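Here is a short tour to read with the structure open beside you. Take your time and find each part as it comes up.

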2 protein chains.
Amino acid sequence: MELTERKKKILRAVVEEYINTAEPVGSKTVQQRAALDCSPATIRNELVALDKEGYLEQPHTSAGRVPTAKGYRLYVNELMRERRLSADETEAINEKLRGGSHEKLMADAGRMATELTSYPALTVSAAASPTVKRFDLIYLDPNSFIIVLLLTGDTVKNKLVHLPFSFTENTLKRLSAVFNASFTGLTENKITSDMINSAERAVGDTMGLTSVIAGFVIETLTSSGGAGASVSGEANLLKLPEFQDPDKAHRLINYLSDPHNLSALTGSPDFGDVKVLIGPENAALELRDSSVVLASYDAGDGMRGLIGVVGPTRMDYSAVAAKLSYIAGGLSRLLGAGSAPPAGFGKLMIKGGHDDV
Amino acid sequence: MELTERKKKILRAVVEEYINTAEPVGSKTVQQRAALDCSPATIRNELVALDKEGYLEQPHTSAGRVPTAKGYRLYVNELMRERRLSADETEAINEKLRGGSHEKLMADAGRMATELTSYPALTVSAAASPTVKRFDLIYLDPNSFIIVLLLTGDTVKNKLVHLPFSFTENTLKRLSAVFNASFTGLTENKITSDMINSAERAVGDTMGLTSVIAGFVIETLTSSGGAGASVSGEANLLKLPEFQDPDKAHRLINYLSDPHNLSALTGSPDFGDVKVLIGPENAALELRDSSVVLASYDAGDGMRGLIGVVGPTRMDYSAVAAKLSYIAGGLSRLLGAGSAPPAGFGKLMIKGGHDDV
DNA sequence: TTTAGCACTCCTTAACTTCGAGTGCTAAGC
DNA sequence: GCTTAGCACTCGAAGTTAAGGAGTGCTAAA
């Protein structure tokens with residue numbers, strides 16, 4: 001059942017006032033805020049109706065109204081006015097978000113999001129199913145070499161290997177050729193032990209070099225496929241009235257500090273533009289009375305990521321969504337595949353990172 | 001002026017009781033705890049003396065006693081009984097701490113420290129002055145290549161570079177040779193623009209390839225020299241009675257979340273075994289009513305690092321120091337040049353802060 | 001020097017009060 | 001039928017007072 005225009009106006013007023021003050025909103029305040037041509041008494045009647053329909057609730061009899069998750073949902077879907085960023089804000093974001101490795105960019109973006117929204121920010125990035133594009137072995141001495149893997153998404157991974165037995169540079173060259181020929185373009189689950197065995201025979205490796213290298217390849221593909229996730233600005237929660245209870249804050253911060261939990265948020269498959277999860281809409285128990293706003297970006301080459309913030313359900317969704325969307329847009333632009341050619345010299349388009357594994 | 005035996009016993013009892021309960025300690029409790037052959041009245045007289053000498057204080061008249069920073073300092077320096085780890089504890093640490101990259105090990109060690117002490121753990125690692133040991137360029141296509149640097153400390157760094165102009169594999173080979181010849185073994189401040197220019201001439205590079213690469217080398221040496229720092233388990237503070245005030249907790253967590261602040265802790269140059277900084281002994285204002293316990297490890301090749309925890313001044317210094325010392329010993333063992341077994345491993349030696357206050 | 005005795009201090013907790021914002025309801029007005 | 005003024009009522013927030021108790025400092029005697 002569709003709400004009347006007036007009810008919508010009232011609901012909007014309640015939500016917006018509550019977002020600002022964190023105090024239950026009374027009929028008189030609504031009247032002023034919504035600039036309605038009717039008395040507080042009339043508004044009280046409407047409030048009762050909105051209450052019955054589940055959009056609002058009272059902390060206790062004879063207190064003002066507070067939006068429910070359903071109320072926020074309607075607000076976000078229909079009532080919210082689009083918030084555009086000010087020139088200052090976009091400029092600040094552009095300023096902070098220039099180049100660097102994928103990791104650095106994500107960290108900067110997270111800090112930026114925290115700074116702009118004053119909520120904890122989280123970033124998650126995941127290659128859908130990474131594969132090796134290019135494979136190299138760098139010979140150092142008879143017992144050591146470096147493995148360098150170029151993955152889809154232009155991520156570079158490396159590992160320094162010391163072995164208790166010796167080998168020749170030539171062996172490494174052959175191994176490198178074999179791996180480039182047979183292990184590129186494969187996702188982790190496509191690599192079988194048969195393949196490793198046949199590679200071993202192809203180079204005549206009797207010492208297990210092949211399996212050391214294959215092990216690293218598999219490990220890298222697995223861990224890169226798993227998302228890289230991090231949080232920043234958790235401490236900001238403590239300033240919010242809804243987290244004055246240290247226990248409550250502890251539970252949430254603790255939950256956020258486990259990257260595993262963050263990756264779970266990617267579970268939601270629809271990488272749309274901005275996604276808002278309000279209170280109980282969150283799968284995780286720990287997030288049930290908080291809200292999460294997520295914006296996704298596309299780094300090209302199968303790499304996708306999320307940047308988001310976690311805050312109380314009482315959140316300025318409009319402003320937060322606008323900011324995150326803008327940041328995510330910047331990330332897509334900076335990381336995305338369709339990268340425009342660099343402007344001039346010294347302004348290089350540089351991808352990849354300093355990953356040491 | 002040296003304290004009498006009895007006063008020391010009393011001080012120890014107060015400190016240890018307060019560590020356990022977080023409540024001011026009364027004369028009667030001291031009597032029981034210290035198993036002294038005198039009445040509470042006698043102990044009260046002694047408490048007054050310890051109070052006057054600055055080892056104890058009262059939150060208010062007619063409350064029990066609480067140790068001052070000076071009291072804790074004496075306790076840590078002289079009164080504390082060495083705590084040895086249980087087999088379970090050492091086993092748990094050995095279990096968690098096996099291999100992996102330096103970063104992974106540090107992260108594991110931090111988590112371990114948080115888990116064992118239930119305080120936030122911090123890790124800081126720094127290469128004294130890293131240099132490049134080996135230099136490689138991997139040709140990908142006419143516009144892209146990967147730079148791979150092997151640094152002292154066996155850290156490998158890489159970067160994928162896309163350029164708006166093209167070059168040949170041969171050019172890269174020559175560049176690689178030149179860099180290996182003239183840029184290895186140099187600390188960041190030894191690299192001059194003259195050197196870069198002459199390298200440029202040597203390969204006949206007119207496009208600025210050389211300066212791109214040199215830029216990365218310098219950037220890498222600079223950022224690796226700067227310490228890598230991180231914290232984990234900040235949320236644990238919120239469970240402590242001294243951080244029930246969200247504002248206080250906020251200030252500290254915020255302070256810890258800036259890696260720059262953590263690196264500052266390395267400032268203290270004496271990498272001894274274990275270092276305890278009690279309350280006002282800390283330089284940072286934000287740490288003035290907390291304590292920090294730091295253990296250092298040596299990863300060989302000029303790499304050194306710290307692992308520590310931050311907690312209330314009311315901290316079980318003995319247990320914390322033992323645990324950190326053991327973890328740091330493990331790190332030295334796993335990361336160290338493999339050569340000498342870390343001296344005094346498992347043995348507890350505490351170097352203190354200043355004797356003022 | 002030690003200790004029993006005792007008055008005193010001051011925090012903690014709980015019960016009770018006041019205050020006021022905001023409600024729901026009723027009845028009158030448009 | 002919708003709106004609105006009026007009014008009694010509810011209930012938390014904030015302040016006040018009172019009781020309880022842990023622990024002290026002091027004094028005087030052993």
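Let's start at the DNA. Helix 3 (40–52) of chain A, along with helix 2 (27–34) and helix 3 (40–52) of chain B, each give at least two residues to the surface near DNA strand D. Keep in mind that you're looking at a predicted model. The top contributor to the surface near DNA strand D is helix 3 of chain B, with 4 residues. Around DNA strand D you'll find 20 residues, and the closest are A:Cys38, A:Thr42, A:Ser62, B:Gly26 and B:Ser27.

Now hop over to DNA strand C. It has 20 residues around it, with A:Gly26, A:Ser27, B:Cys38, B:Thr42 and B:Ser62 coming nearest. Here, helix 2 (27–34) and helix 3 of chain A, plus helix 3 of chain B, are the elements that give two or more residues. On the surface near DNA strand C, helix 3 of chain A has the largest share, 4 residues.

What kinds of residues make up these surfaces, and the side of chain A that touches chain B? The table sorts them by class.

| Surface | Nonpolar | Polar | Charged |
|---|---|---|---|
| Near DNA strand D | 6 residues | 11 residues | 3 residues |
| Near DNA strand C | 6 residues | 11 residues | 3 residues |
| Side of chain A that touches chain B | 20 residues | 7 residues | 8 residues |

Next, the place where the two chains meet. This contact takes 35 residues from chain A and 33 residues from chain B. On the chain A side, the elements giving two or more residues are strand 4 (132–141), strand 5 (144–151), strand 6 (156–162), helix 10 (246–256) and strand 11 (350–351). Helix 10 of chain A supplies the largest share of that side, 5 residues.

Strands 4, 5 and 6 turn up again in a sheet. In chain A, these 3 strands make an open sheet in the order 4-5-6, with antiparallel pairing. Strand 4 and strand 6 of chain A sit at the edges with a single partner strand each, so one side of each has no neighbour in the sheet. On average, neighbouring strands of this sheet are turned by 15° against each other, direction ignored.

How many bridges join strand 4 and strand 5 of chain A? They pair in the antiparallel sense over 8 bridges. As for A:Val132, its bridge partner in strand 5 of chain A is A:Leu151. Helix 7 (residues 169–182) of chain A packs on the sheet and touches strand 4 and strand 5 of chain A. The direction of helix 7 makes about 175° with that of strand 4 of chain A.

Terms used. Residues are numbered from 1 along each chain as its sequence is written. Chains are lettered from A and ligands numbered from 1 in the order in which they are written. This is a predicted model: local features need pLDDT of at least 70, side-chain atom pairs count only at pLDDT 80 or more; totals for chains, interfaces and linings use all residues. Two residues are in contact if their C-beta atoms, placed from the backbone, lie within 7 Å. Ala, Val, Leu, Ile, Met, Phe, Trp, Tyr, Cys and Pro count as nonpolar, Asp, Glu, Lys and Arg as charged, and the others, Gly among them, as polar. A residue is near a molecule or strand if its C-beta atom, placed from the backbone, lies within 6 Å of it. Two strands pair if DSSP finds at least two bridges between them. Axes are lines fitted to C-alpha atoms, for helices over the stretch in contact, and angles run from 0 to 180 degrees between N-to-C directions.
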